[in-house]
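Here is a walk through the voids, a buried spot and some strand pairings of one model. Have the viewer open as you read.

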Amino acid sequence: MKRILLIGAGHAHLHCITHGPTEDVEWLVLNASTYQYYSGMYSGLADGTYDIDEIRIDVAALCRANDKQFIEETVIKIDPDEKVVFGSSGRRYTYDVVSTNIGSFDWAEDTTRLSIKPNYRLPDTLKRLQQAKRPVVIGSGAAAVEMAASLKAAGVPITLITDPELLSGHPAAEAITRRLEELDVYWVRERPIDDESLLRFKQHPPIESDAIIRLTGAKAPALFAGSNLYTEDGFLLVNEQLQALDHPSLFAAGDAATLVAYPNIPKNGITAVRQAPILLANLLRYVQEETLQTYRPQTNYLTILSMGPRHAISLYGHHYSTHPFGWYLKRWIDQRFMRKYRS
């Protein structure tokens, strides 16, 4: 019997867990936490729309319900030549084909610098932000403005630090600015020189903070470089079949991988969801020695930023809308996603 090993329980692997057939195939899922937190609902948790149980998936229970073996384990190295992965527990796990869907990572945490990557850190990080006297969010993209707006809407005295331009100059930046001003978010439009608790700037006066979270885009995990795999900026390079360039038995989806043919596609959950059916098909086709399918990313897709309860900004390509319907649509989409993975 062939073994398919899944490292991580990201969006694409959740699809594999629930849809992967078990006849003549053994599935082993390794994840650093029993729970997987759904990133699309982080802002709803921050503003009080959801509680913690509504935004997390019990991966262990989901695996049991779908006849997959689950082990709580952090993978620290992959040996693709021997087809073995190594866990922080000291255990070794063999495979016939392996896939990684572990998301991106962030800076090392300390007493002031917080992180929600890997996402099992989310509950503690959010609690510390809510209890801080001078919490700060750093970042100019969707995740940062969502988090800042949602925390402020819940009464947290958040400071937002961004580049002069939001969302790389997207036309929706004007609407985001209006919403942040409506919420009275304290906003510094200048990146700090460093990330210490005393944030220093070239122009703005220093800001003292007791809780800093940096949401500035995907950062590569150490796993791939530490396994001497073919990477770029630490991200595993994969082809259009989602295979590692130098090891065909290694697949990857989501934030931690870069497609050579499409290096600029966003590293986010939407991409991982779109990759999921192709990934599952190709894992099965690989063990059956069949021709693999090709992944083609979509050009445009809908993004809805939740900016506090019943406030949203919807983006599609270079267009945007501030209609309240967007918030209800996002809520419906997110809850539908979670229902698929309730064990």
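By class, the lining of the second largest pocket splits into five nonpolar, two polar and four charged residues; here Ala, Val, Leu, Ile, Met, Phe, Trp, Tyr, Cys and Pro count as nonpolar, Asp, Glu, Lys and Arg as charged, and the others, Gly among them, as polar. Arg178, Arg179, Glu182 and Arg310 are among the residues on that lining, and so are Met307 and Ile313. Helix 6 (173–182) and strand 22 (312–316) each supply at least two lining residues, with helix 6 giving the most, four. Helices (H or I, at least four residues) and strands (E, at least two) are DSSP runs, numbered from the N terminus.

This is a predicted model, where local features need pLDDT of at least 70 and side-chain atom pairs count only at pLDDT 80 or more, while totals for chains, interfaces and linings use all residues. Residues are numbered from 1 along each chain as its sequence is written, and side-chain values use heavy atoms, with hydrogens and water left out.

On to the closed voids. Everything is done on a 1 Å grid over the protein atoms alone: a cavity is a set of points where a 1.4 Å probe fits but cannot get out, a pocket is an open set with protein on both sides within 12 Å along at least five of seven lines, and lining residues have an atom within 4 Å of a point. Grid points are joined across faces, edges and corners, and a volume is the space filled by probe spheres set on the points. Three cavities of 30 Å³ or more turn up.

| Void | Volume | Top contributor to the lining |
|---|---|---|
| Largest cavity | about 70 Å³ | helix 9, four residues |
| Second largest cavity | about 50 Å³ | strand 20, three residues |
| Second largest pocket | about 160 Å³ | helix 6, four residues |

Around the largest cavity you'll find Trp327, Lys330, Arg331 and Asp334, among others. Helix 2 (42–46) and helix 9 (325–340) are the elements that give two or more residues there. The class split is three nonpolar, five polar and three charged.

For the second largest cavity, the lining includes Ala257, Thr258, Leu259 and Lys267. Strand 20 and helix 8 (269–287) are the elements giving two or more residues. This lining has six nonpolar, four polar and one charged residues.

Strand 20 also shows up in a sheet. Strands 17, 18 and 20 form an open sheet in the order 17-18-20, with mixed pairing; two strands pair if DSSP finds at least two bridges between them. Strand 17 (231–232) and strand 20 (257–259) are the edges, each pairing on one side only. Strand 17 runs antiparallel to strand 18 (residues 235–238) over two bridges, and Thr231 sits opposite Leu236.

Elsewhere, strand 6 (residues 75–79) and strand 7 (residues 84–87) pair in the antiparallel sense over four bridges. Lys77 has Phe86 as its bridge partner. The hairpin has four residues between the strands, and Lys83 takes a positive phi near 55 degrees.

Is Ile4 buried or exposed? Ile4, in strand 1 (residues 2–7), counts as buried because its relative accessibility is 0%; buried means under 20% relative accessible area, exposed over 50%, partly exposed in between (1.4 Å probe, protein chains only). Beyond its neighbours within four places in sequence, Ile4 has contacts (heavy atoms within 4.5 Å) that include Trp27, Val97 and Leu283. Glu26 is 22 residues from Ile4 in sequence but 6.1 Å away in space, C-alpha to C-alpha.
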